[in-house]
Amino acid sequence: MVHGPEATQIRMMDYPGTGPARDVWKVTNDDTPALETGQVLVRIDWVSVDPGMSGWITNKRSYMPPVMPGGVMRAFGVGEVIESRANSLKQGEWVTGFLGLQSKAVFTADNPAPFEELRKIPVDFAPPNLFLSGLGMTGYTAYFGMMDIGRPKPGETVVVSAASGAVGSVAAQLAKNSGARVIGVAGGQEKCGYLIDELGLDGAIDYKAGDIRGQLKSLTPDRVDVYFDNVGGDILDELFLRMKYRGRIVVCGGISQYNSQSRGQGQIKGPSNYLTMVAQSLTMRGFTMKDYMDRVPEALPLLAKAWSEGQLKFREHVVEGIEKFPDTFEMLFDGRNHGKLLIKVQHAS
Ligand code: NAP
């Protein structure tokens, strides 16, 4: 049998269960198979590390099928086509999609299976890594969540949690660019300083400093029209009490609950103040990017224009080497990442 070049993969050997996720990963160095008609060989240069991965490594019902034990861990990536036997992609073109936690891999480019679609990216316009952060799924999530569901209007008050992170920072800037007054929630002084000094937000709440209720009250004298929730738990519960009549809550994620939900670590904390929804006629809507994939062509030019004109800033936190994935993934849950968490894949040659 003919083999392609050797590659490195990170495989999930079992579902983590209630134990630490770091125990289930294995590094392998398997050759890529020979190319068949309709396939391409991709060198993967950047991989995205996402909180949503916690939902992909559980066999509970989710918005996409779980990673199978022994399989390469699912991840968004960007890379260059280095060999092609496909009509739809040429050697030298750059692509993004679920490329997986691996250094090289073969993909079916002509008539791909679901979740294997590769989309071309214009790396002459922006560096490839940006198509995983502000000009990729991160940016699209922020855009549709904020602009399609939150719909901030000039003069309204918007609160965003995990606001210094990947999605939150873009969502907060989009609300600010729409003329809203924007308050970010983040953990610690460095992140809160970044929200005000770099992103120009109108206020920052350091939830790790305590008294979230008091901080929220003093920074939102007119209450809150839109809450863009990335964290759930206690912060969401406090926001319920602060929403204005007919306010909108966008449920983008709930990272404070993921280890409970996916891995059964402790009890999920549901909001105890949710009856404010009745008294204040609130709307609360969740979404995933799966709902919006057909509208990516609408978001990308708008994000790209705003970025190129300096109206949007993207911060990235880069870790080198896919073998560092097990610890890198944990960074999301203890807040060690400062911006979109990416792994730069190292290649031997
Ligand atoms: P990120 O914000 O760059 O990183 C996660 C951040 O969450 C951490 O840096 C930390 O920041 C904060 N955090 C972690 N545990 C927390 C806790 N217990 N309480 C409060 N904050 C906590 O990650 P991201 O990729 O942008 O994802 C943010 C959210 O968006 C996640 O919930 C994710 O699942 C969601 N998301 C949804 C979609 C979708 O399609 N709906 C797509 C992408 C992402 P601090 O230091 O400030 O605590």
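1. A residue counts as near a molecule or strand when one of its heavy atoms lies within 4 Å of it. Keep that in mind for the ligand, which has 26 residues around it. The closest are V167, K191, Y207, Y258 and N337.

2. Some ground rules before going on. This is a predicted model, in which local features need pLDDT of at least 70 and side-chain atom pairs count only at pLDDT 80 or more, while totals for chains, interfaces and linings use all residues. Residues are numbered from 1 along each chain as its sequence is written, and side-chain values use heavy atoms, with hydrogens and water left out.

3. Now look at what touches the ligand through polar contacts (pairs of N or O atoms within 3.5 Å; within protein, one must be able to donate a hydrogen and the other to accept it, and residues adjacent in sequence count only if both atoms are side-chain atoms). The side chain of Y258 puts an N or O atom 2.7 Å from an oxygen atom of the ligand. N230 uses a backbone N or O atom, 2.8 Å from a ligand oxygen. F287 also brings a backbone N or O atom, 2.9 Å from a nitrogen atom of the ligand.

4. How much of the ligand does the protein bury? Taken alone, the ligand exposes 910 Å², and the protein buries 88% of that (areas by the Shrake-Rupley method with a 1.4 Å probe; for residues, only the protein chains shown count as cover).

5. Which elements give two or more residues to the shell around the ligand? They are α3 and α10 (325–334). Helices (H or I, at least four residues) and strands (E, at least two) are DSSP runs, numbered from the N terminus. By class, the shell has 14 nonpolar, 11 polar and 1 charged residues. Here Ala, Val, Leu, Ile, Met, Phe, Trp, Tyr, Cys and Pro are nonpolar, Asp, Glu, Lys and Arg are charged, and the others, Gly among them, are polar.

6. Helix α3 (residues 166–177) turns up again at the largest cavity, where it gives the most to the lining, with 3 residues. A cavity is a set of points, on a 1 Å grid over the protein atoms alone, where a 1.4 Å probe fits but cannot get out; lining residues have an atom within 4 Å of a point. The largest cavity has a volume of about 40 Å³, and its lining includes S133, T138, K313 and R315. That lining divides into 3 nonpolar, 4 polar and 3 charged residues.

7. Last, have a look at the small sheet region: an open sheet of 3 strands, in the order β3-β2-β6, with antiparallel pairing. Two strands pair if DSSP finds at least two bridges between them. The edge strands, β3 (25–28) and β6 (71–72), each pair on one side only. Strand β2 (residues 9–12) is joined to β3 by 4 bridges, and M12 stands opposite W25 in β3.

Notes:
1 Å grid on protein atoms, 1.4 Å probe; cavity = no way out; pocket = protein on both sides within 12 Å on 5 of 7 lines; lining within 4 Å. Points joined across faces, edges and corners; volume = space filled by probe spheres on them.
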